[in-house]
Amino acid sequence: MTEMNENPLDLLPEVLLAASAVLGLLLGSWLPRARQWAVGLLAVLACVAGIVAASVAAAEPATTAFGEAFAVDTVTGASRIVVLAGTLLVLGVSFRPLRGDPRESEFYVLVQLAALGALMMAGTQDLLLFAAAYLLASIPAYTLAGFRKDGPGTEAALKYYVVGALLGVLLLAGVTVLYATGLATLYPMLGDALRDAPEPLVAVGAIGLLAGVLFKAGGVPAHFWVPDAVQGSSAPVAALLTTLPKIGALAALFRVGDAVFAGSPLPWAALIAVLAAASMTLGNLGAFFQQDVKRLLAYSTISQVGYLLLPVAVLDRSDLAQQAFLYYLAAYTVTNLGAFAVVCALPQAHTLDDYRGLAKDRPLLAASLVICLLGLVGTPPTAVFLGKLQAFSAVFDGGYAWLAVLAALNTVASLFYYLRWIVPAVSRGASSGLADGDRTARVVAYAAAAVSVGLGLVGGPVLDALAGPMSP
């Protein structure tokens, strides 16, 4: 009988975010429209407090809570900090567009609930809790995609919901099959039970689970919703969809792979390696000739899933896998949000040509865009460069040299479509009138670009901190 350690302080960052969302919903019902920004401020305070609490918990030994259903370890701690910091950036680019909106407080509450679902996915060690966290991360995101209630937003929400409902059912079916096969939902117990289980049943359960996780992460073959949903959503929502759910889903995949499938008869490493190769390649191919900036970033995020899956594929084969995965997750989050912050700062610029002359009108914003786009390629000294280097080293160390070579080729190929955006932005042509825009989003873009470079420069100590043990 497992002892139930029901200490809410073990889930303090999650509790703070949930309490802020509930209180914000109540406040939004009473505050006048001109003062609903207070709900956003409350959300910011909850995220800052959550980061502090997560940092303190990360310094403690790895443990579990609520009967081993939730892990408090290095993976959870890093994911908490990245999700909450990403939520801060999303809130930052949302304040001005939503100011005075009759549903302003609702937006902030939905963002917090989506972030809460990502946090719970990252830390859960139980299939049932994972399914609940998956739904918590999904339903607010469906609403946010259609928040503007216009044509593109409604279409984005509909496509996102339909694909999500289908793959969510597959995920629940996979959970059911795994439970029926292993007679357990806790990852450690399930992992022990599946070692001697029939391989076809394990394969069916794993595929169903992967279908839902890859949908949430935006990876191949569950990626079809990403371009349309990102293009049709508002820029702040697009920034959220391509980062926060991905963090929780991939952290959950890393944990379930390590605890459940690494020792099973399923060829887990080979399966994840194939999915990584497909995601990075198809994402790059789709991005090559895009003209819409949000659609280009949507395909870019599909390709980035492939790179993030590299250490997941070799998590039981390389000692570098965990720190490479967590560092890359943080590097991608801040760099991708920085690129989206530039898009939010220029709401009238939709295509690559609309950015022509940006360096003349807004040199700092153009510099931030260049840093973030080259950062997504993996150009030193940005954080993604070190993240890719660590990921490539991990797959080499894990015996998948072909995957590292393919990832390097895809990295070189991705430079083409990022340059198609950079060249107009830094061209010396006539000014295109991009001087006006969202000032808060510009500050977020500057900050994200600076953090991307700074994280790359101090990567050594950060990588050392990310090498801590997972929960027993």
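This report walks through one helix, one of its residues, and some ring contacts in a predicted model.

## Helix H3

Let's start with helix H3, which covers residues 74-98. Its 25 residues reach 35 Å from the first C-alpha to the last, close to the 36 Å you'd expect at 1.5 Å a residue. H3 is mostly covered, too: 19 of its 25 residues are buried.

Now look at the two ends. At the N-terminal end, Asp73 acts as a cap, with a side-chain oxygen 3.3 Å from the backbone nitrogen of Val75. After the helix comes Gly100, and its phi is positive, near 85°.

## Arg80, inside H3

Arg80 is a good residue to click on, and its place is in H3. Is Arg80 buried or exposed? Its relative accessible area is just 1%, and the cut-off for buried is under 20%, so Arg80 counts as buried.

What does Arg80 touch, leaving out residues up to four places away in sequence? The list is Asp10, Leu11, Pro13, Glu14, Ala54, Ala57, Phe70, Val72 and Leu119.

## Rings that pair up

The model has 18 aromatic pairs. One of them is Phe289 with Phe416, an edge-to-face pair with 6.1 Å between the centres and 70° between the planes. Phe289 sits in the loop between helix H12 (268-287) and helix H13 (293-313), while Phe416 is in helix H18 (residues 401-426), so this pair ties together parts that are 127 residues apart in sequence. Phe289 is exposed, at 64% relative accessible area, and Phe416 is partly exposed, at 41%.

Tyr400 and Trp402 make another pair, this one tilted: the centres are 6.3 Å apart and the planes meet at 55°. Here Tyr400 is buried, with a relative accessible area of 10%, whereas Trp402 is partly exposed at 45%.

Rings can gather in groups as well: Tyr142, Tyr160, Tyr161, Phe215 and Trp225 form one aromatic cluster.

## Charges over rings

Rings can have charged partners here, too. Which ring does the charged end of Arg103 sit over? That would be the ring of Phe147, with the charged end 4.0 Å from the ring's centre.

You can also find a lysine in this kind of spot: Lys388 lies over the face of Tyr307, at 4.0 Å from the ring centre.

Methods
Residues are numbered from 1 along each chain as its sequence is written. This is a predicted model: local features need pLDDT of at least 70, side-chain atom pairs count only at pLDDT 80 or more; totals for chains, interfaces and linings use all residues. Side-chain values use heavy atoms; hydrogens and water are left out. Helices (H or I, at least four residues) and strands (E, at least two) are DSSP runs, numbered from the N terminus. Buried means under 20% relative accessible area, exposed over 50%, partly exposed in between (1.4 Å probe, protein chains only). Contact means heavy atoms within 4.5 Å. Rings of Phe, Tyr and Trp (its six-membered ring) pair if their centres lie within 6.5 Å; planes under 30 degrees apart count as stacked, over 60 as edge-to-face and the rest as tilted. A charge sits over a ring if NZ of Lys or CZ of Arg is within 6 Å of the ring centre and within 35 degrees of the ring normal. The expected span of a helix is 1.5 Å times one less than its number of residues. A polar contact is a pair of N or O atoms within 3.5 Å; within protein, one must be able to donate a hydrogen and the other to accept it, and residues adjacent in sequence count only if both atoms are side-chain atoms.
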